[in-house]
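User: I am new to this structure. Please take me through a few of its residues and groupings.

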Amino acid sequence: MNEGTSKDSFLTLQLFSTSNGVEISQDMKSIFVDHLSQLIIWFEKYFQNENIDKFSWIQDPFNSTVPFEFTSTEEESLIELSCDNSLKTKFSSMDLTKFWISIKDEYPLLSDKAQRILIPFSTSYLCEAGFSAVAVIKSKYRTKINVEKEIRVAVSCLIPRFEKMCSDMQAHPSH
């Protein structure tokens, strides 16, 4: 984040700094920039063979083309959704995942398809964090065989966030 960069894309950071009257220092901004740069590198590593353009309809269903893989029903739903101005307003004022969850009743096919693509990011995050915690603990306590207590403490801070993410999602009924 350079001097002229806005925090609008980082709603939680913006709310925190506004409500607490805190100005983000240049040192902290450079830490954010470094972290986001590393995320870009990791995303490029993990998704180097993925054609991300086929998911543009999730990021902006109002200005994207219909993916080739869509059925005719899904295509009609996306066209109908893209013409709905009230949903366009809703989309611009909501978080991406909350938007797709909120239209589940109106557009169940699109909502389910979008959620199936978005959900793995949150679940893989917990796995990655768990493996990282084990790696740190194993290198720190190399002679210890039993690391259950340490891993429980390391991962326990992630569980409330994961439970909140799960509570926002509605379970799929069995067929």
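User: Which residues does Ser 77 touch, not counting residues up to four places away in sequence?

Analyst: This is a predicted model, where local features need pLDDT of at least 70, side-chain atom pairs count only at pLDDT 80 or more, and totals for chains, interfaces and linings use all residues. Residues are numbered from 1 along each chain as its sequence is written, and side-chain values use heavy atoms, with hydrogens and water left out. Contact means heavy atoms within 4.5 Å. By that rule, Ser 77 touches Tyr 107 and Leu 110.

User: Is Ser 77 buried or exposed?

Analyst: Ser 77 sits in helix H4, residues 72–82. Helices are DSSP runs of H or I, at least four residues, numbered from the N terminus. Buried means under 20% relative accessible area, exposed over 50%, partly exposed in between (1.4 Å probe, protein chains only). Ser 77 has 15% relative accessibility, so the term is buried.

User: Which helix gives the largest share of the largest nonpolar core?

Analyst: Such a core is a set of buried Ala, Val, Leu, Ile, Met, Phe, Trp, Tyr and Cys residues joined through side-chain atoms within 4.5 Å. This one has 15 residues; Leu 87 and Leu 110 are among those touching the most other members. Helices H3 (56–59), H4, H5 (85–93), H6 (96–102) and H7 (108–140) each supply at least two residues. The largest share, three residues, comes from H7.

User: Why does Phe 43 count as partly exposed?

Analyst: Phe 43 belongs to helix H2, residues 26–46. Phe 43 is partly exposed because its relative accessible area is 46%.
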